[in-house]
Amino acid sequence: MSIQRLRTETRYSEIVIHNGTVYLAGQLDEKHSAGVGQQTRETLAAIDAMLAEAGTDKSRILSVTIYLKDMEADYAAMNAVWDAWVPKGAAPARACVEAKLYSPDVLVEMTVVAALP
């Protein structure tokens, strides 16, 4: 199977598909909405749309890395949104780390690896 690259930019592709696996570049709320809860909802909505574009959905996510600007302040609010979004019985492997994100307004960013049906 060839490597498919969707939403290709100068430095990266937002979606890469290879050998039955979908890789999503780091996703975030481009509007920098107020609060980590809303930023998490917007980020997950973007992930849903990109997974659909790639031909899969959130029930097929294998792993997610979640980057939070402030783990202590934002983890609980992000987790509440995450828990409502992730399908019961299909929770992926997940790592959550504190990171210095590219803008002070960005509170959460996620990278995703998913399987095709």
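In this predicted model, V22 is in contact with I15, V16, I17, A54, T56, V112, V113, A114 and L116, when its neighbours within four places in sequence are left aside. V22 is also among the residues that touch the most other members of the largest nonpolar core. The points below cover that core, an aromatic pair, a strand pairing and the salt bridges.

**Nonpolar core**
- The largest nonpolar core has 25 residues, and V22, L24, I47, I66, W82 and M110 touch the most other members.
- At least two residues of this core come from each of β2 (13–18), β3 (21–27), α1 (36–54), β4 (61–68), α2 and β6 (108–115).
- The most is given by α1, which supplies six residues.
- W82, one of the residues that touch the most other core members, has 4% relative accessibility and therefore counts as buried, the cut-off being under 20%.

**Aromatic pair**
- One aromatic pair is found in a search of the whole structure.
- Its members are W82 and W85, with ring centres 5.4 Å apart and planes at 45 degrees, so the pair is tilted.
- The angle of 45 degrees leads to that label because planes under 30 degrees apart would count as stacked and planes over 60 as edge-to-face.
- Both residues belong to helix α2 (residues 71–85), where W82 and W85 are three residues apart, about one turn of the helix.
- W85 has 11% relative accessibility, so W85 counts as buried; W82, at 4%, is buried as well.

**Strands β1 and β2**
- Strand β1 (residues 4–8) pairs with β2 in the antiparallel sense, over four bridges.
- The connection from β1 to β2 is a hairpin through four residues.
- L6 has I15 as its bridge partner in β2.
- I15 is also one of the residues in contact with V22.

**Salt-bridge network around R7**
- Side chains of opposite charge can pair when their charged atoms come close.
- The count of salt bridges comes to three.
- R7, E14 and E53 are linked in a network of salt bridges.
- Within the network, the side chains of R7 and E14 meet at 3.9 Å, N to O; this value counts because the cut-off is within 4 Å.
- The side chains of E53 and R7 meet at 2.7 Å, N to O.
- The E53 and R7 pair links distant parts of the chain, with E53 in helix α1 and R7 in strand β1, 46 residues apart.
- R7 has 34% relative accessibility and so counts as partly exposed.
- E14 counts as buried because its relative accessibility is 15%.
- E53, at 41% relative accessibility, counts as partly exposed.

**Salt bridge between E42 and K31**
- E42 forms a salt bridge with K31, and their closest N and O atoms are 3.2 Å apart.
- This pair also links distant parts of the chain: E42 lies in helix α1 and K31 in the loop between β3 and α1, eleven residues apart.
- E42 has 25% relative accessibility, so E42 counts as partly exposed.
- K31 counts as exposed because its relative accessibility is 60%.

Technical notes. Residues are numbered from 1 along each chain as its sequence is written. This is a predicted model: local features need pLDDT of at least 70, side-chain atom pairs count only at pLDDT 80 or more; totals for chains, interfaces and linings use all residues. Side-chain values use heavy atoms; hydrogens and water are left out. Rings of Phe, Tyr and Trp (its six-membered ring) pair if their centres lie within 6.5 Å; planes under 30 degrees apart count as stacked, over 60 as edge-to-face and the rest as tilted. Buried means under 20% relative accessible area, exposed over 50%, partly exposed in between (1.4 Å probe, protein chains only). A nonpolar core is a set of buried Ala, Val, Leu, Ile, Met, Phe, Trp, Tyr and Cys residues joined through side-chain atoms within 4.5 Å. Contact means heavy atoms within 4.5 Å. Two strands pair if DSSP finds at least two bridges between them.
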